[in-house]
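Subject: Structure handover

Hello,

Here is the structure I promised to pass on. Please open it and keep it in view while you read my notes.

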Amino acid sequence: MSIGWYLAISAILFAIGAAGVLTRRNPLVILLCLELMLNAANLALVAFARMHGGEAGQVFALIVMVIAACEVTVGLGLIVAIHRRNLPIDVDELSQLNG
Amino acid sequence: MNWLGYAFFFVAGIGAVAGALGVVLLRNAFYSVLALVCHLISLAALFMLLRAEFVAAAQVIVYAGAVMVLYVFVVAYVGGGEEVRVGSALRVLGPMFAVALAVELCLAIFGSGLQAIGTMGARVHVPGFGTPRHIGTLFLTTYLFPFEVASLLLLVAAVGAVVLARRRRGLPGGEREALIFAPRPEGAGTMAEAGGVRQALAAVERTGAAARAGRARGNARRTPAGAAAGGRGQAGADGEREREGGW
């Protein structure tokens with residue numbers, strides 16, 4: 001399979017994740033959609049690494065996975081803190097910071 | 001690549017896209033997490049096809065294993081109920097934006113003029129391309145600094161998550177003052193405090209109830225005899241401290 005197919009799948013996955021971030025209101029699902037977008041970027045990185053025959057892209061993909069794990073940890077901690085304060089788990093109602 | 005490779009690619013690719021669509025479209029957050037697990041495993045298969053064995057293994061173990069377990073626990077804790085549909089502009093504009101983004105990205109990819117984009121990739125001369133041995137060597141030689149920074153970032157994220165999600169210590173809403181000025185039950189001094197604030201408060205309430213009962217009994221017995229004088233005095237003293245404490 002040529003590299004272009006992998007890149008096309010990566011683009012489609014990224015677009016699906018972006019649509020989820022824009023339309024969903026549950027912050028848990030928004031975090032999941034962020035994961036989708038990061039994984040699409042990972043797929044593109046690995047595909048380009050294959051295209052060039054080097055391993056730097058795979059190293060970059062592993063670093064992106066570390067970043068994603070950190071983001072998930074902090075995001076889930078925030079959601080648990082929101083739940084502890086009995087606030088609604090809904091990004092439309094958690095809008096105090098933008099005035 | 002023979003037909004088996006094509007079939008593998010299409011199965012994995014369709015699985016990845018279907019998992020992603022499931023994450024976005026399913027209403028229940030728990031089902032979204034399960035769809036993401038499906039998506040991640042399909043993506044790991046795509047990584048295998050791209051000869052990134054170590055990345056695929058890390059994807060399955062770290063993502064589909066550890067991170068998804070974390071997600072499932074949080075969904076079970078928070079209670080990922082059904083989302084209420086509310087009509088808003090984003091609900092219409094979001095998918096349109098996504099379709100436009102996908103079309104634009106595909107145009108950019110296939111119109112980029114990259115020579116190697118239609119090939120199967122460069123010929124790999126190294127025998128162990130993408131194996132843990134090569135990736136580990138790269139991490140500990142060329143990319144040592146990003147590796148250490150990533151380790152530090154993981155540590156900071158772990159500490160941050162614990163700080164964010166911990167249960168706030170301390171007594172809420174005047175319970176502390178109530179405890180300080182509370183009447184001490186007989187023989188229950190600091191040991192009761194060490195046993196816990198709520199236990200101490202419960203003990204205080206029990207003693208107060210007993211004192212009230214004793215006072216009532218003492219009032220009843222006052223006229224016949226002074227036999228209950230000791231008990232009455234005790235009860236009276238308790239009652240006085242009770243009033244001081246505002247109980």
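How many Å separate the centres of domain 1 of chain B and domain 2 of chain B, taken over C-alpha atoms? The answer is 24 Å. Bear in mind that this is a predicted model.

Let me place those domains first. The domain assignment of chain B gives three entries: domain 1 covers 3–83 + 91–123, domain 2 covers 133–166, and domain 3 covers 175–245. Note that domain 1 is written as two stretches of the sequence.

Now chain A. Chain A has 3 helices and 0 strands. Along the sequence, the pattern reads α-α-α. The C-alpha trace of chain A spans about 50 × 25 × 20 Å along its principal axes. Its radius of gyration is 17 Å, whereas a compact globule of 99 residues would have one near 13 Å.

Next, look at α3(A). It has 29 residues, and at 1.5 Å a residue these should span 42 Å. The end C-alpha atoms of α3(A) are 42 Å apart, so the expected span and the model agree. After α3(A) comes A:N86, with a positive phi, near 60°.

Then see how α2(A) and α3(A) pack. Two packed helices are described by the angle between their axes and the distance between the axes. The axes of α2(A) and α3(A) come within 8 Å and cross at roughly 175°. Angles over 145 degrees count as roughly antiparallel, so α2(A) is roughly antiparallel to α3(A).

Which residues meet there? On the α2(A) side, they include A:L31, A:L38, A:L45 and A:F48. On the α3(A) side, they include A:F60, A:V64, A:V72 and A:I79. The residues of this contact between α2(A) and α3(A) divide into 18 nonpolar, 4 polar and 2 charged. The two charged ones are A:E35 in α2(A) and A:E71 in α3(A).

Last, the two chains together. In the model, 59 residues of chain A are in contact with 72 residues of chain B. On the chain A side, the elements giving two or more residues are α1 (3–23), α2 (27–52) and α3 (56–84). Of these, α3(A) gives the most, with 19 residues. The chain A side that touches chain B divides into 41 nonpolar, 13 polar and 5 charged residues.

So α3(A) is a good place to begin your own look: α3(A) meets α2(A), and α3(A) also gives the most residues to the side that touches chain B.

Best wishes

Technical notes
Residues are numbered from 1 along each chain as its sequence is written. Chains are lettered from A and ligands numbered from 1 in the order in which they are written. This is a predicted model: local features need pLDDT of at least 70, side-chain atom pairs count only at pLDDT 80 or more; totals for chains, interfaces and linings use all residues. Two residues are in contact if their C-beta atoms, placed from the backbone, lie within 7 Å. Helices (H or I, at least four residues) and strands (E, at least two) are DSSP runs, numbered from the N terminus. Ala, Val, Leu, Ile, Met, Phe, Trp, Tyr, Cys and Pro count as nonpolar, Asp, Glu, Lys and Arg as charged, and the others, Gly among them, as polar. Domain bounds come from an automatic or database domain assignment. Axes are lines fitted to C-alpha atoms, for helices over the stretch in contact, and angles run from 0 to 180 degrees between N-to-C directions. Angles under 35 degrees count as roughly parallel, over 145 as roughly antiparallel, 65 to 115 as roughly perpendicular and the rest as oblique. The expected span of a helix is 1.5 Å times one less than its number of residues. The radius of gyration is taken over C-alpha atoms; the globule rule is 2.2 Å times the number of residues to the power 0.38.
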